[in-house]
Amino acid sequence: MLLHLSDLHFGTERSECIAAIQRFCAQHRPEVVVVSGDLTQRAKLKEFYACKQFLESLNTPYFVVPGNHDIPLYRLWHRFIQPFVLYQLFFGSLEQTLLTEHYYLIGINSIRRRYHTRGSISPEQIDRVDQQLIQAPSNKLKIIVSHQPFYIPDNQGHYSRHINDCPRLSDQALQRWGRHQLFALLHGHLHLVAVYDLNAEFHLNVGHPICEVHAGTSISSRLHDGIPNNFNVILASGEVQHYFFDEKKSDFFLQEK
C-alpha cells in the first residue's frame, strides 16, 4: 500500500486530520508515504520543522517533492538566491528515487523561482527520468511524483484556469516515458481529487493506461470547492482508492464506488 498525501500546507494544518492520518498509518502500515508538494504554506523554518515532525511520527518511509508554496513568496532575496535552502535542509535532494517492495518512485522538481504557480520541466529532466524508467525493475509499479499536474481537463470548472500551470514539455515527456511501462504520475496543486488516463488523453498509443492521480489537501484548512480533506491509496494491484475526512467522526473513510 502506498499512501499519497499532498498540499499539507503546514502553517494552516488541522490537528484532527494529522491525528487521523497517524492512526491510519498505525493501523494499515503503508509501504511508503508520498507527499506531492506544498509541504508548507509560506516556506518558513517552523513550518518545515512541523512537517518533518509529522512525517517522522508516521513511522513509515516517506518520499517528498517540493511545491510552489515551498519556496519563499514575499522574501524576494531568498526566493531568487536560495529558494530551496530550507526545503533541502529538512528533506535533502529536490529529486530523489526510492525502491520499495512494490513501487519504484521517481521525483521531479517542477518548481521554478520565476513562476508563482506554473510548473516547468526541462529536456535534461526528461532525459534523466527516461533513463531511470529504463533501468527500473520490471516487477515494480513505476510512479513519477511532481507537484503540478501534467493534465487538467478544460471542462473542469474553475480548475480549468490552471491549465497553464501544467509543466511545459509535458506531452513530449509522456511520449517518451510511456514507452517504459510507466504506471502513474502523482500530483497535487489543485486540491482536486481525480484519476485520468494519460494514454487516452494524449493519444500515446502505448497499449496500457497511465494514471494521472490528483490528490487534494490532506490536512490543511485551505479547502477548495467544498472538497473535504482527503488522501489517496494505491494498492500493489494498481487499484487507486480515495479517502475523505468525515468531520463528525474525525476520521478518514474510503469513498464508496
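**Exercise 1. Locate D7 and A43 and describe their backbone.**

Solution. Start with D7, which lies in the loop between β1 and α1. The model is a predicted one, and in it D7 has a positive phi of about 50° although the residue is not a glycine. Next, take its accessibility: D7 has a relative accessible area of 0%, and buried means under 20%, so D7 is buried.

Now turn to A43, found in the loop between β2 and α2. A43 is not a glycine either, yet its phi is positive, at about 55°. With a relative accessible area of 3%, A43 is buried.

**Exercise 2. Determine how the rings of Y62 and F91 are arranged, and which parts of the chain they join.**

Solution. The whole structure holds 13 aromatic pairs. In the pair of Y62 and F91, the ring centres are 6.4 Å apart and the planes stand at 80°. Planes over 60 degrees apart count as edge-to-face, so this pair is edge-to-face.

Then place the two residues. Y62 belongs to strand β3 (residues 62-65) and F91 to helix α4 (residues 85-91), so the pair ties together parts that are 29 residues apart in sequence.

Last, compare their surroundings. Y62 has a relative accessible area of 22% and is partly exposed, whereas F91, at 7%, counts as buried.

**Exercise 3. Classify the pair F231 and F252, then name the cluster that holds both rings.**

Solution. The ring centres of F231 and F252 lie 4.7 Å apart with their planes at 45°, so the pair is tilted. F231 is in strand β10 (residues 230-234) and F252 in strand β12 (residues 251-254), so parts 21 residues apart in sequence are tied together.

For accessibility, F231 is buried at 0%, and F252 counts as buried at 6%. Both rings belong to one aromatic cluster, formed by F24, F231, Y243, F245 and F252.

**Exercise 4. Identify charged groups that sit over aromatic rings.**

Solution. One case is R118: its charged end sits over the ring of Y115, 5.0 Å from the ring centre. Another is K249, which lies over the face of F253 at 5.2 Å from the ring centre.

**Exercise 5. Describe the largest nonpolar core and the elements that supply it.**

Solution. Begin with a general point: in soluble globular proteins, nonpolar side chains tend to be buried together. Here the largest nonpolar core has 34 residues, and those touching the most other members are L3, L5, I21, F54, F91 and F231.

Next, assign the core to elements. Two or more residues each come from β1 (2-5), α1 (15-28), β2 (32-36), α2 (45-57), α4, β10 and β11 (240-246). The element that gives the most is α1, with six residues.

**Exercise 6. Relate V193 to F231.**

Solution. V193 is in the loop between β7 (182-187) and β8 (194-197). Its relative accessible area is 19%, so V193 is buried. Along the sequence V193 and F231 are 38 residues apart, while in space their C-alpha atoms are 8.4 Å apart.

**Exercise 7. Count the cavities of 30 Å³ or more and describe the lining of the largest.**

Solution. The count is one cavity of 30 Å³ or more. The largest cavity holds about 30 Å³ of space. Its lining consists of R42, N68, H69, I71, L73, R79 and H116. Sorted by type, the lining has two nonpolar, three polar and two charged residues.

Terms used: Residues numbered from 1 in each chain as written. Predicted model: local features only at pLDDT ≥ 70, side-chain atom pairs only at ≥ 80, totals over all residues. Heavy atoms only, no water. 1 Å grid on protein atoms, 1.4 Å probe; cavity = no way out; pocket = protein on both sides within 12 Å on 5 of 7 lines; lining within 4 Å. Points joined across faces, edges and corners; volume = space filled by probe spheres on them. Nonpolar A, V, L, I, M, F, W, Y, C, P; charged D, E, K, R; others polar. Phe/Tyr/Trp six-rings, centres within 6.5 Å; stacked < 30°, edge-to-face > 60°. Helix = DSSP H or I, 4+ residues; strand = E, 2+ residues; numbered from the N terminus. Buried < 20%, exposed > 50% of the residue type's maximum accessible area, 1.4 Å probe, protein only. Lys NZ or Arg CZ within 6 Å of the ring centre and 35° of its normal. Core = buried A, V, L, I, M, F, W, Y, C linked by side-chain atoms within 4.5 Å.
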